[in-house]
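Subject: Handing over the structure

Dear colleague,

I am passing on the structure that we talked about, and below it you will find what turned up when I went through it. Please keep it open beside this message while you read.

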Amino acid sequence: MPAYPVLVQPAGLRFDADAGTPVLLAAQAAGIKLPSSCRNGTCRACMCLMLEGSVVYGIEWPGLSRDEKEEGWILPCVAQAASSLEIQAPQAAPIEAAPAAVRPLTGARR
C-alpha cells in the first residue's frame, strides 16, 4: 500500500499516512496529536480543513454536510489519504512524552 505525505498547518508538522489508515491514527503513530473524541465520524471534534489533496472515507457518509465537504472540511478520524495532503489543524501539536517518574532518594536499605 502506498503512503502519502501529510503536512499539518500552521505548525508545519509532517507525517506519512498509509492508504487505508485513518489520517488521525497515522498522525498519532507519528507522534502528532490532532483533536479527537469519538473516532467514528459523528462528534466532529477532529474536523479540519483540507487545503490540498484528496481523501476517501471508510464509512458511507461521515458527519459532514454536503456544503462542508465541498468547502474542503474533513474528519481525520475516518478520512483516509488518497494523495498527498495539506490540512489546517490549528490545535495540532507533537505528542509530549510523559516525564520519567522521579523516585525520592531514601537511606540505604537493608
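I would like to begin with one residue, Glu68, which is buried, with a relative accessible area of 16%; here buried means under 20% relative accessible area, exposed means over 50%, and partly exposed lies in between, with a 1.4 Å probe and protein chains only. Its partner in what follows, Arg44, is partly exposed, with a relative accessible area of 33%.

Before going further, please note that this is a predicted model, in which local features need pLDDT of at least 70 and side-chain atom pairs count only at pLDDT 80 or more, while totals for chains, interfaces and linings use all residues. Residues are numbered from 1 along each chain as its sequence is written, and side-chain values use heavy atoms, with hydrogens and water left out.

As for confidence, the mean pLDDT of the chain is 90, and 91% of its residues reach 70 or more, pLDDT being the predictor's confidence in each residue on a scale from 0 to 100. Among the elements of the chain, β8 has the highest mean pLDDT, 98, and helix α2 (residues 66-71) the lowest, 93; helices (H or I, at least four residues) and strands (E, at least two) are DSSP runs, numbered from the N terminus.

To return to the charged pair, Glu68 forms a salt bridge with Arg44, and their closest N and O atoms are 2.6 Å apart. Because Glu68 lies in helix α2 and Arg44 in the loop between β3 (32-33) and β4, the pair ties together parts that are 24 residues apart in sequence. The structure holds one salt bridge, the term being used for a side-chain nitrogen of Lys or Arg within 4 Å of a carboxyl oxygen of Asp or Glu.

Next comes the sheet, which is open and has five strands in the order β2-β1-β8-β4-β6, with mixed pairing. The strands β2 (13-18) and β6 (73-74) stand at the edges with a single partner strand each, so one side of each is left without a neighbour in the sheet. Two strands are said to pair if DSSP finds at least two bridges between them. By that rule β1 and β2 pair in the antiparallel sense over six bridges, and they form a hairpin with three residues between them, where Gly12 in the turn has a positive phi of about 75°. On the other hand, β1 and β8 run parallel and are joined by four bridges, whereas β4 (residues 48-52) and β8 (residues 85-88) run antiparallel and are joined by three. Val6 is a useful residue to look at, since its bridge partner in β2 is Phe15, and Val6 also stands opposite Leu85 in β8.The largest nonpolar core has 27 residues, and those with the most contacts inside it are Val8, Phe15 and Leu34; such a core is a set of buried Ala, Val, Leu, Ile, Met, Phe, Trp, Tyr and Cys residues joined through side-chain atoms within 4.5 Å. Helix α1 gives the most to this core, with four residues. Leaving aside neighbours within four places in sequence, Val8 is in contact (heavy atoms within 4.5 Å) with Leu13, Phe15, Leu34, Ile87, Ala89 and Ala92.

Finally, Ser83 has its place in the loop between β7 and β8. Ser83 and Ser54 are 29 residues apart in sequence and 5.6 Å apart in space, C-alpha to C-alpha.

With good wishes
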